[in-house]
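Let's take a walk through this one together, starting with the charged side chains and ending up in the middle of the fold. Keep the viewer open as you read.

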Amino acid sequence: MENFSDVKKLFKNTISGILQQQGTNEILNESAFPAYANKNLLIDYLFWSRVRYTYDFLRKQGGNVLDFGC
């Protein structure tokens with residue numbers, strides 16, 4: 001996917017689906033799942049801005065990334 005907003009939408013929909021199926025629990029809270037799917041605009045901005053920065057940086061470098069971890 002070339003567009004970050006498409007990537008973000010895909011991840012938010014997937015995370016929201018997991019939270020609807022599983023509910024929140026200690027493991028999902030520890031991995032920040034609820035924060036990445038939060039409907040609060042400020043929390044959404046704070047959590048996704050780090051991902052956006054990394055996404056933009058890696059796109060400029062070229063190539064593919066499987067995972068960039070914590």
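**Salt bridges, rings and a core**

Search the whole structure and you come away with three salt bridges. Keep in mind that you're looking at a predicted model, with every value here computed from it.

Start with Asp44. Its side chain meets that of Lys8 in a salt bridge, 2.7 Å from N to O. Asp44 sits in helix α4 and Lys8 in helix α1, so this pair ties together parts of the chain that are 36 residues apart in sequence. Now look at Lys12, which also forms a salt bridge with Asp44, and here the closest N and O atoms are 2.7 Å apart. Again the link runs from helix α1, where Lys12 lies, to Asp44 in helix α4, so parts that are 32 residues apart in sequence are tied together. Put these together and you have a network of salt bridges linking Lys8, Lys12 and Asp44. Is Asp44, in the middle of this talk of charges, buried or exposed? Its relative accessibility is 10%, and buried means under 20%, so Asp44 counts as buried.

Next, slide along to Arg52 and Asp56. They form a salt bridge as well, with the closest N and O atoms 3.2 Å apart. This one stays inside helix α4: the two residues are four apart there, which means about one helical turn separates them. Arg52 has 39% relative accessibility, so it counts as partly exposed. Asp56, at 28%, counts as partly exposed too.

Now for the rings. How many aromatic pairs does the count come to? It comes to four. Take Phe4 and Trp48, an edge-to-face pair with 6.3 Å centre to centre and 65° between the planes. This pair links distant parts of the chain, with Phe4 in helix α1 and Trp48 in helix α4, 44 residues apart. Both Phe4 and Trp48 are buried. Phe4 also pairs with Tyr55, this time in a tilted arrangement: 5.2 Å centre to centre and 55° between the planes. Here, too, distant parts of the chain are linked, from Phe4 in helix α1 to Tyr55 in helix α4, 51 residues apart. With relative accessibility of 6%, Phe4 counts as buried, and Tyr55, at 16%, counts as buried as well. Zoom out a little and you'll find one aromatic cluster made of Phe4, Tyr36, Phe47, Trp48 and Tyr55.

Tyr36 deserves a stop of its own. Skip its neighbours within four places in sequence, and Tyr36 is in contact with Lys12, Ile15, Phe47, Trp48, Arg50 and Val51. You've already met Lys12 in the salt-bridge network, and both Phe47 and Trp48 in the aromatic cluster.

That brings us to the nonpolar side of things. The largest nonpolar core has 12 residues: Phe4, Val7, Ile15, Leu19, Leu28, Ala32, Ala35, Tyr36, Ala37, Trp48, Val51 and Tyr55. Which helices supply at least two residues each to this core? They are α1 (4-22), α3 (33-36) and α4 (41-61). The largest share, four residues, comes from α1. Color the core in your viewer and you'll spot Phe4, Tyr36, Trp48 and Tyr55 among its members, and these four belong to the aromatic cluster as well.

Technical notes
Residues are numbered from 1 along each chain as its sequence is written. This is a predicted model: local features need pLDDT of at least 70, side-chain atom pairs count only at pLDDT 80 or more; totals for chains, interfaces and linings use all residues. Side-chain values use heavy atoms; hydrogens and water are left out. A nonpolar core is a set of buried Ala, Val, Leu, Ile, Met, Phe, Trp, Tyr and Cys residues joined through side-chain atoms within 4.5 Å. Buried means under 20% relative accessible area, exposed over 50%, partly exposed in between (1.4 Å probe, protein chains only). Contact means heavy atoms within 4.5 Å. A salt bridge is a side-chain nitrogen of Lys or Arg within 4 Å of a carboxyl oxygen of Asp or Glu. Rings of Phe, Tyr and Trp (its six-membered ring) pair if their centres lie within 6.5 Å; planes under 30 degrees apart count as stacked, over 60 as edge-to-face and the rest as tilted.
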